[in-house]
Each structure stands twice: as C-alpha cells, then as structure tokens.
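Tutor: Let us examine this model by asking what each descriptive term requires. Please raise the questions, and each answer will be set against its definition.

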Amino acid sequence: MGRYVALRIGQALLVVWLAYTVIFLAVQLLPGDPVTIFLSTDAAVDQATIDNMKRQYGYDQPLPVQYFAQLGGLLHGDVGYSLASGEPVAARIGGVIGSTLALALSAFATAVGLALAVVAAATLTRSAALRKLLTNLPPLFAAVPVFWLGLVLLELLSIRWGVMSLFPDGSFLSLAVPVFVLGVHVSAPIAQVLLKSIDTVYNQPFIDVLRAKGASAAWIFFHHALKNAAGPAATITGITVGTLLAGSVITETVFARSGLGAVVLQAVTTQDVPLVQGLVLLTATVFVAVNLLVDLLYPLLDPRILKSNGQGSPRALGV
Amino acid sequence: MGTITTEPAAPLLAVRGLRVEYEPGRAAVDGVDLDLKPGEIVALVGESGSGKTTLARSILGLLPATARIAAGSIDFDGTDLAGLTEKQLTRIRGRRIGLVPQDPGASLDPVRTIGSQVAEVFRLHRDGRRRTRRELRAEVIRLLTMVGIDRPEERLRQYPHELSGGLKQRVLIAIGFSLRPQVLIADEPTSALDVTVQRTVLEVFDRLAKEFGTAVVFVTHDLAVATDHADRIVVMRGGRIREDRAVAEILSRPEDEYTVRLLAEAAPARAAAPAASAEEGGPAPAFALEARGLVKVFGRGGIEHRAVDAVSFGVRPGTTFSLVGESGSGKSTTARMLMRLLDPTEGSVLVDGRDVTGLDGRGKRDLWRTLQLVYQNPDSALDPRLRIRDIIAEPLLNFGLGDRAARRERVAELLEQVNLPDHAAAARPMELSGGQRQRVAIARALALGAKALVLDEALSALDVLTQAQILALLQELQRELKLTYLFISHDLHVVERISDQVGVMRGGRLVETGPTAGIFGDPQHEYTRLLLDSNPGHRLRGLAGATNH
C-alpha cells in the first residue's frame with residue numbers, strides 16, 4: 001500500500017513538472033517575447049520601455065536561466081508577475097479563486113448527487129417507462145450546452161418572472177441557479193458511466209446469489225452494486241474536473257459573476273502571458289491533484305487493484 | 001426399496017404443470033411436474049437448453065427479467081411460490097430455500113470481505129433475537145469451519161480473489177446452509193472445479209445435506225456426478241421431463257431412449273483404442289511432435305513461478321497424446337510452447353524431427369501451416385460478424401493461397417469433412433449450435449492442410465452427446481488425414497476415449513506417461529490414482545463392470 005501511494009504521488013509530481021515545462025516551451029514558440037507581445041497592442045511604445053520592462057520581468061536572461069529561475073520561484077509559490085497589473089500572478093488568482101471554488105465545488109456536489117439520484121431511480125424503479133426516461137436523461141444533460149441552459153434560465157427567472165436578479169446579489173437563487181446549470185452539465189458523464197457499469201455489475205452471477213440470500217433490490221443496490229460500479233465512475237469523475245473548470249468560466253461569464261472566468265478572459269484578451277501561464281499551470285495542478293485523489297481512493301473501492309500487478313498467468317496472456 | 005408405502009411422505013415442494021416462457025409461445029419449461037420430499041436429493045440432468053436451470057431458478061423466483069411463468073404452480077409448504085411478490089419471496093429465499101451457484105469465481109461480491117458476505121445472511125433475516133457483533137463473528141467462524149475452511153479467523157478479512165475456486169465454493173456452501181433451509185438449489189455447483197476439488201466439495205455438500213435433512217435439487221449436465229450423489233434422477237430434454245426415477249432403477253432399467261444414450265456416453269464401455277496406434281514393426285517412427293526438457297518460468301525475482309518444469313514427451317504421427325491435470329498444472333502452458341505461441345525458458349520443441357525452438361516470425365508462420373490450434377470455447381474463437389465460409393477461408397487468404405474459386409472449393413471440401421451441411425457456409429456463428437461451431441473451428445484449423453492439431457480443452461464447453469459426436473469426428477479425421485493430436489483436457493472420460501498415450505501433469509511436472517490402458521488400468525503414480533479416484537461416476541462404472549463381464 002505504501003509503495004502504491006508513493007508511486008502515485010511521484011507520478012503526479014512528474015506530470016505537474018512536465019506540464020510546467022510544456023507551458024514554458026510553448027511560450028518560447030510564440031513569435032516574440034511576452035513583453036513585446038503584451039505591448040504590441042499599444043502602438044506608441046518605444047524600444048527603451050520594452051527593454052526596461054523585459055529586464056524587470058527577467059525576459060532578457062538566457063532561456064535556461066529563465067526556466068530554472070521560474071521553476072525555483074514555483075517551489076516558493078511565486079508564479080511571476082502579471083504584465084497588465086504588475087501584481088503577483090498568485091495574488092491575482094488568489095483574489096478571485098474563492099468565488100470560483102464555491103461555484104465549482106457546489107456544482108460538483110450537485111453533479112454527483114444528481115448522477116446518483118438518476119442512477120438509483122433508474123435501477124430501482126419498477127416502471128419500465130420511467131426507467132427508459134431516466135436512462136435517457138444523462139445524454140440529454142450532456143447535449144445541452146452550459147451557456148444555453150444559463151441564458152434560458154436567466155431569461156425565464158430574471159426577465160419573464162423577475163424572481164432573480166440579473167447580476168449576483170448574494171441571494172440564494174443567484175448562487176443556486178449557476179450551480180444547477182453547471183452541475184447538470186457535469187453530472188452527465190458521471191451518470192452515463194455509472195449507469196453503464198451498474199449494468200455490467202447486474203449481469204454478474206453474484207447478484208443472483210444475493211437475491212437468493214433474500215436481499216431486496218434496494219439492499220443489493222446500496223450495499224453491493226454501487227461499490228462495485230464506483231471505480232469507473234470515480235475515474236470519469238476525476239476527468240470531469242476539466243469540464244468543471246471550463247464550465248465555471250462559461251457560467252461565470254453568463255451570470256456576470258466575478259471569478260477565475262473574468263481573469264482568464266482578461267488575461268487572454270490583453271495577451272498577459274505570465275497570467276495565462278499561471279492559470280494553465282493552476283488548471284493542470286488541480287487536474288493532477290484530483291486524479292491523484294481518485295487513484296488513492298481506488299484501492300479502497302476495489303481491493304483487487306493492489307494485487308493485480310506481477311504474476312503472469314498463461315491464461316492472462318490469452319490464447 | 002421394494003415395499004410399497006401406503007402413505008407416501010407429503011412432498012415439501014410440488015411443481016405442477018409448470019410452463020415458463022422466454023417469449024410468447026416458446027416455452028423453456030413445458031408442463032413439468034416435480035415432487036421433492038423432505039431430505040431428498042434429486043438430480044436434474046440434461047443438456048444446455050433442456051430447461052433444467054430454468055426449472056431450478058423458477059423455484060427460487062430468480063428467473064431473468066425476460067422470462068415469465070405462463071402456467072402452473074410451485075407449491076412449497078402450503079404457499080404457491082409462483083404467485084408471490086418479490087417482497088414476499090425475499091422472506092423465503094436464503095432462509096427456507098437456499099442456492100449454491102454454478103460459478104464460484106463470480107458468485108461472491110469481489111469488493112466485500114468473506115466475513116461480511118457470510119454474516120450478511122443473518123443481517124438480512126433477523127429472526128428473533130439480535131446478534132451482537134461478537135456473536136455474529138463466532139457464528140460465521142463456526143460456519144466456515146463446518147465447510148472445512150482452514151484458518152477461518154484469517155479468512156474473514158480476506159476478499160474473494162484471495163481464495164481458490166474450491167474455497168470460494170465452500171464459502172458459498174456455508175452461505176447456502178447458514179440458515180438451514182428446507183430446500184437447497186445447487187446449480188451445477190462444481191462444474192467449474194477440478195475433479196479432485198470437486199470431490200472434496202461435494203463430500204462437504206453431501207454431509208451437510210444429510211446432517212440438516214435438507215432437500216436438494218441438484219442441477220447438473222454430468223450424469224456421472226448425478227448418479228454418485230442423488231437419490232433420484234430427473235432427466236430433462238426440450239423443457240420436458242423424460243424420466244424421473246430412483247438412481248438404482250434408472251441405471252439398471254432406463255426406459256427413455258434419450259436416457260439410454262446419456263448413460264451410454266457417460267459410462268463408455270472402454271472404447272477400443274484407435275487401431276492406428278499399432279506399431280508396424282521396424283524402426284520406431286520419429287515423433288511428429290516432441291517436447292524436450294521444456295521449462296517455463298513466469299515472473300522474476302522473488303515471485304518466480306515455474307509453470308512448466310522439465311517436461312519431455314513425444315507424439316507419434318497419426319496418434320493422440322493427451323495431457324491431463326488440474327488447472328494450474330501447466331498443461332496449457334506446455335501446449336502453447338509446443339505451438340510456439342510462447343517461448344520456453346529452457347528446452348526445445350521438435351516438429352517432425354526438426355527443432356523449431358529458434359524460429360522467428362516468418363518461420364513460425366510456416367510452422368503454423370502444419371501445426372494448428374483448436375481452442376476451448378467455440379463461441380469466442382469465431383468472429384461473430386463473419387460468415388462461416390469467410391471464417392474457414394481466412395487462413396487461406398492470410399497465406400495468399402488460391403483464387404476465389406479455389407478457396408470456395410476448399411471451403412466446401414472442409415465443410416464436408418467436418419460433416420456440416422453446405423448451407424452452413426452462409427450462416428454466421430450465432431446461428432449455429434455449440435457443436436457445429438466447434439466443427440467450424442476444426443475445419444478452419446485444417447484449412448491449410450495441418451498435419452497436427454493441438455486441441456486445448458476442445459470439448460469442455462460441449463454437452464455430453466455433442467462431445468461424443470465431435471470425438472467421433474476427430475477420430476474419423478485422424479484416420480482419413482493421418483492427423484496427430486495433442487489433446488489437453490481435465491475430463492478423464494474424454495481422455496480415456498480418444499488417447500493412445502496419456503501424460504499426467506501436476507505442478508508443472510509430468511508425473512506419469514504411458515499408454516492409455518496402462519494409465520487408467522494400472523496407475524503407478526499416487527497422484528494419478530487420486531485423479532482417477534476423484535473422477536465421478538463410481539456407481540456408473542460399478543454397474544458397467546457388473547453388466548459387461
């Protein structure tokens with residue numbers, strides 16, 4: 001177990017380092033250095049100002065020096081300075097991340113809850129029609145774009161019925177509606193995978209043995225099927241973090257919420273490379289961290305994981 | 001059993017006119033009557049598709065969602081099980097009617113511990129007083145000990161994948177008997193186990209059924225197992241009961257023509273060894289297939305595992321050599337090394353006297369024109385999307401042999417050789433029966449003109465009567481085409497019928513080799529004796545011996 005954990009953590013750190021390196025190299029591939037790019041939108045800048053700023057941000061140094069200086073800064077939590085505001089990137093992101101985290105985490109909890117509810121209802125209902133309806137919900141959720149659902153709800157709730165303010169005002173609805181919109185979207189892949197793997201589990205002979213023991217449908221679902229099916233669902237949940245972050249940006253924009261979404265938009269439109277770099281690195285780190293968590297959770301769900309390596313059986317080689 | 005009892009014991013379970021349909025009009029079980037007295041062991045025997053499993057499952061109310069009881073009743077101690085709701089059934093299942101399932105490997109929840117799965121029965125049926133954790137634990141340990149599981153305290157915390165198949169089946173038996181049900185349905189409980197394990201597991205099963213006076217419905221396709229363990233045998237075919245009598249009667253005076261055939265196949269009067277094996281004198285012919293000191297080591301470092309250890313044998317042209325042994329004995333690994341699908345760690349493989357151990361990609365391809373494999377499961381060995389003619393022609397296409405017309409002609413010829421009708425060429429695998437599919441697999445193996453076939457459990461997935469037909473086909477092909485067979489099997493009945501020579505494997509070693517009659521008649525090695533002794537069908541053999549002299 002200790003070996004497994006150490007191995008996974010090591011892999012996660014490696015991926016973050018690789019992500020940093022790729023981002024660094026990608027920036028070098030841009031025509032011109034970050035300062036020149038940033039200032040190119042402003043016509044009246046003389047060369048002296050550019051050189052001055054380059055020196056200040058360290059872009060005049062040779063590449064290896066820049067690479068290691070930035071890497072060293074990272075280890076101290078220093079992600080560089082925003083070109084637009086001169087603020088540290090970490091401070092710029094830290095200032096707004098709270099609001100985004102609140103949205104993303106609530107949406108995530110909603111998504112997991114919604115997926116579980118749909119799958120439980122679809123599995124346990126006796127009505128074939130209801131089951132059919134419920135199993136068709138996840139593909140529908142996946143098909144509805146976040147911005148469309150957001151705009152429709154805004155139109156109905158704010159403009160037609162006037163029960164919700166157009167801009168965030170701290171009321172319950174002004175948080176709940178964006179959370180719902182994002183949650184619905186993120187729940188789709190989780191529910192789809194969970195439905196599929198629940199299906200596979202129910203085709204296994206041990207389900208019949210459980211029924212023969214006298215277990216009710218609900219008992220089988222909650223005591224056995226869910227844990228058996230949780231593995232693939234956990235994997236897809238880790239992957240939906242990407243959807244969650246991208247969806248947060250869109251949702252924030254639609255509902256005019258401040259947060260990472262606004263910063264991302266601003267960083268890209270003003271071509272503020274250090275800020276973009278910091279945001280991409282943050283996304284990569286969150287992604288890796290969540291998937292590390294899923295990996296560490298996996299052996300708790302399925303005890304076979306830790307045993308499966310090594311020991312080549314001739315049957316496993318497959319004739 | 002000669003006297004007529006005036007008042008027969010009231011049946012515990014009475015099935016009357018039961019009809020189960022998977023789709024309207026097509027009955028899997030059709031008008032079946034069956035009685036089960038308390039403490040009686042009844043074997044339901046039949047091929048797959050005979051309706052025996054459907055009948056057993058309808059007693060438990062465990063029919064698949066697509067099936068429906070169209071008519072009849074299942075009276076159990078005064079209630080009609082066919083009319084109960086799912087909720088009412090959960091109070092009967094596990095407590096009054098139990099199940100010991102077919103496939104121990106997949107019948108326990110893989111992500112829950114053994115202890116929790118045994119204890120679950122007591123949590124599901126809280127009769128009377130509540131048990132404390134400690135009492136529950138003691139009860140589970142008592143049950144595990146009862147079925148002969150060593151170190152039960154340790155097993156409690158283990159997961160199913162940490163137990164062998166035999167141990168898992170013991171756990172399932174413990175679960176089945178835990179609340180002392182009046183009726184136990186045993187659905188092919190040992191068909192997935194090796195013979196020696198099968199014997200010990202069935203011994204536990206018999207002992208508990210007697211001790212608790214449990215009535216057992218024992219579903220099996222193996223008449224030999226049925227006769228060894230049951231009081232009464234019910235032969236099913238096509239959803240109907242063909243014969244329902246006490247074991248002794250059915251063995252001595254079978255009435256139904258189908259039962260007679262089943263009995264004949266289950267206890268073959270020692271088949272005349274194929275004449276081809278007779279030596280023609282003169283110098284001994286070279287071996288068609290030979291293994292010399294084969295060793296295969298899997299894994300590395302601390303977890304090294306010698307799957308095959310110093311195995312040497314030779315197969316003369318036109319004869320059959322069988323490797324028998326339990327799963328894990330290394331017989332399949334040996335076969336794969338002979339096929340050159342797996343590289344031996346040490347030793348060499350000779351085909352027609354030529355050392356083929358060092359062959360690489362191209363050489364191997366040429367080798368496979370003369371040496372081919374027929375695999376265990378015809379369902380998965382044939383591409384379900386292709387037509388039979390394309391499946392058989394595929395090797396010809398791969399080797400670029402012949403034009404369209406020539407290939408078509410060769411396919412027709414092969415179909416005839418394996419006794420398949422012409423129109424089978426256009427069918428897809430799903431439209432054929434298991435036996436027909438295995439014929440297709442054999443035809444495909446012969447397509448390139450193979451001289452030797454490795455048959456890896458090639459009959460194991462088939463019913464007894466189908467097995468007999470495929471065996472006859474294999475023997476006919478051997479005579480006609482002078483084929484050499486390496487036959488891998490755990491089924492001693494089949495091995496005895498087809499082989500000239502037999503090799504017994506255990507733990508990667510070849511413990512005994514010799515002519516079939518010698519191995520079966522006068523085994524030298526202790527393990528061979530154990531294996532033969534575990535082979536079910538003692539009563540059948542005793543009977544055959546009594547009538548054949």
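Student: Which residues of helix α14 (residues 388-398) of chain B are buried, and what makes a residue buried?

Tutor: They are I388(B), R389(B), I391(B), I392(B) and A393(B). A residue is called buried if 20 or more other C-beta atoms, placed from the backbone, lie within 10 Å of its own; with 12 or fewer it is exposed, and in between it is partly exposed. Therefore each of these five meets the count of 20 or more. The model is predicted: local features need pLDDT of at least 70 and side-chain atom pairs pLDDT 80 or more, while totals for chains, interfaces and linings use all residues. Residues are numbered from 1 along each chain as its sequence is written, and chains are lettered from A and ligands numbered from 1 in the order in which they are written.

Student: What covers the buried residues of α14(B), and what follows this helix?

Tutor: The cover includes α15 (404-417) and α16 (434-446) of chain B. After α14(B) comes G400(B), with a positive phi near 65°.

Student: Why is chain A described as having 13 helices and zero strands?

Tutor: Helices are DSSP runs of H or I of at least four residues, strands are runs of E of at least two, and both are numbered from the N terminus. Chain A yields 13 helices and zero strands under this rule, so no run of E there reaches two residues. Buried residues make up 32% of its 319 residues, and its C-alpha trace spans about 85 × 65 × 30 Å along the principal axes.

Student: What does the UniProt record annotate as "transmembrane region" in chain A, and how does the model look there?

Tutor: The unreviewed entry lists residues 12-30, 101-125, 137-159, 171-195, 233-255 and 275-298. Such positions are given in the numbering used here, with feature names shortened, and the annotations may be inferred rather than shown by experiment. In the model, residues 101-125 are 96% helix and 0% strand, with end C-alpha atoms 35 Å apart. For residues 137-159 the values are 91% helix, 0% strand and 27 Å. The same kind of record also gives "domain: ABC transmembrane type-1" for residues 99-298, a span that is 86% helix and 0% strand in the model.

Student: How do you know which residues take part in the contact of chain A and chain B?

Tutor: Two residues are in contact if their C-beta atoms, placed from the backbone, lie within 7 Å. By that test the contact takes 24 residues from chain A and 37 from chain B. Among the elements of chain B that supply at least two residues each are α2 (86-92), α3 (114-124) and α11 (331-338). The residues on the side of chain B comprise 17 nonpolar, eleven polar and nine charged. Here Ala, Val, Leu, Ile, Met, Phe, Trp, Tyr, Cys and Pro count as nonpolar, Asp, Glu, Lys and Arg as charged, and the others, Gly among them, as polar.

Student: What makes chain B a chain of domains, and where do they touch?

Tutor: Domain bounds come from an automatic or database domain assignment, and chain B is divided into domain 1 (13-233) and domain 2 (286-548). Their centres, taken over C-alpha atoms, are 35 Å apart. In the contact, 13 residues of domain 1 meet 15 residues of domain 2. On the side of domain 1, α7 (195-212) and α8 (223-229) of chain B give two or more residues each.

Student: Why are β16 (371-374) and β20 (509-515) of chain B called edge strands?

Tutor: Two strands pair if DSSP finds at least two bridges between them. The open sheet has the order β16-β17-β18-β13-β19-β20 (chain B), with mixed pairing. β16 and β20 of chain B each have a single partner strand, so one side of each lacks a neighbour in the sheet. As for an individual pair, β17 (residues 452-456) and β18 (residues 484-489) of chain B run parallel and are joined by five bridges; therefore they satisfy the requirement of at least two. Within them, A452(B) stands opposite T484(B).

Student: How is the direction of α11(B) set against β18(B)?

Tutor: Axes are lines fitted to C-alpha atoms, for helices over the stretch in contact, and angles run from 0 to 180 degrees between N-to-C directions. α11(B) runs at about 150° to β18(B), lying across β13 (320-324), β17, β18 and β19 (501-506) of chain B.
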